[in-house]
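Reader: I would like to learn how helices and their packing are read from a model. Could you take me through it step by step, with the general idea before the case?

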Amino acid sequence: MKYKGMLYACLAATFWAISGISGQILMQGYHFSANWIVAARMVVSGLLLLIFSQKVSKKAKISSLFSQPLVVLRLVLFGIFGVYAVQAGFFQTIALSNASFATIIQFTGPIFIIFYEAFRQRQWPSFQTILLLILTFIGILLLATKGNLNQLIVPKMAIIMGLIAALAVAVYSILPCQLIMDYGSLTVVGLGMLIGGLFANLIHPIWQIDGIFTLHSFIQFLIVAIIGTALSFFCYSQSLQYITPSLAGILTAVEPLLSLVFSLIIFHLAFGWIEWVGFLLVFCSILMIQRKL
């Protein structure tokens, strides 16, 4: 059963990585905006996750959830500042740079969890953790500059949006913990997706399509919305039935590596030895930080 859980976690990471690649194809090849992709993706995947939750979750008590104002408030905050902020920051970073850079900088989310825990417990992180944070910063710097500190190879806004996505990953991880215990992960994330999707539609309604719809672009959108969101989270949720969250987190950490490999193959991404050093610094440092959480 443990291997089944490991397979589910690896599938989730693979689907997440594929989602970023398909998002880049939609934006670069078919001129869809990041805002439209986020708005459409979140509504579709939110509805699908809620359908899944009604089929498989024993905690799916949606009616009782909406009878408690504080629970609803936390769910709305999770949907906007957690789920929506992650999606918007991630896809805006892809639009400004590429899927590989967006994935690796979003991967730094545990840094903000470390800061949150340090503030909550009123104590500094350990020396080892601080060293890992410094190595992560150096890695991001190498990826963003190719070692030339006088010149950025990605726009400043891409770095800012990527860090917003990383911060939102921390909110996404911390805010809904009690809700998930009470109502189940599929129900909570499905509602968070739907609420975030409705908020995204205030920014860019899904009926205002700004890209080129063809059979190929429609397939890419289905990959983003269904495989890369609903199915990936379903696989991750299923993995937790067989393995611990820490093991699942370590296994899904292969997402940045898969995204890089896919980018090298599909987009012929230029990646020199300095970028490899930067990537490995970020990847290994965050992986070690995750093991401490």
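Author: Helix α10, a DSSP run of H or I of at least four residues, numbered from the N terminus like every helix here, has 19 residues and reaches 27 Å from its first C-alpha to its last, close to the 27 Å expected at 1.5 Å a residue, where the expected span is 1.5 Å times one less than the number of residues. This is a predicted model, in which local features need pLDDT of at least 70 and side-chain atom pairs count only at pLDDT 80 or more, whereas totals for chains, interfaces and linings use all residues. Residues are numbered from 1 along each chain as its sequence is written, and side-chain values use heavy atoms, with hydrogens and water left out.

Reader: Why is α10 described as largely enclosed by the rest of the structure?

Author: Because 15 of its 19 residues are buried, meaning under 20% relative accessible area with a 1.4 Å probe and protein chains only. A200 lies in α10 and counts as buried at 2% relative accessibility.

Reader: Which residues is A200 in contact with, leaving aside its neighbours within four places in sequence?

Author: They are V38, A39 and Y84, contact being heavy atoms within 4.5 Å.

Reader: How is a pair of helices read?

Author: Two packed helices are described by the angle between their axes and the distance between the axes. Here the axes of α1 (residues 2-30) and α11 (residues 215-239) come within 8 Å and cross at roughly 155 degrees, the axes being lines fitted to C-alpha atoms over the stretch in contact and the angles running from 0 to 180 degrees between N-to-C directions. That makes α1 roughly antiparallel to α11, the term for angles over 145 degrees.

Technical notes. Helix = DSSP H or I, 4+ residues; strand = E, 2+ residues; numbered from the N terminus. Parallel < 35°, antiparallel > 145°, perpendicular 65-115°, else oblique. Buried < 20%, exposed > 50% of the residue type's maximum accessible area, 1.4 Å probe, protein only.
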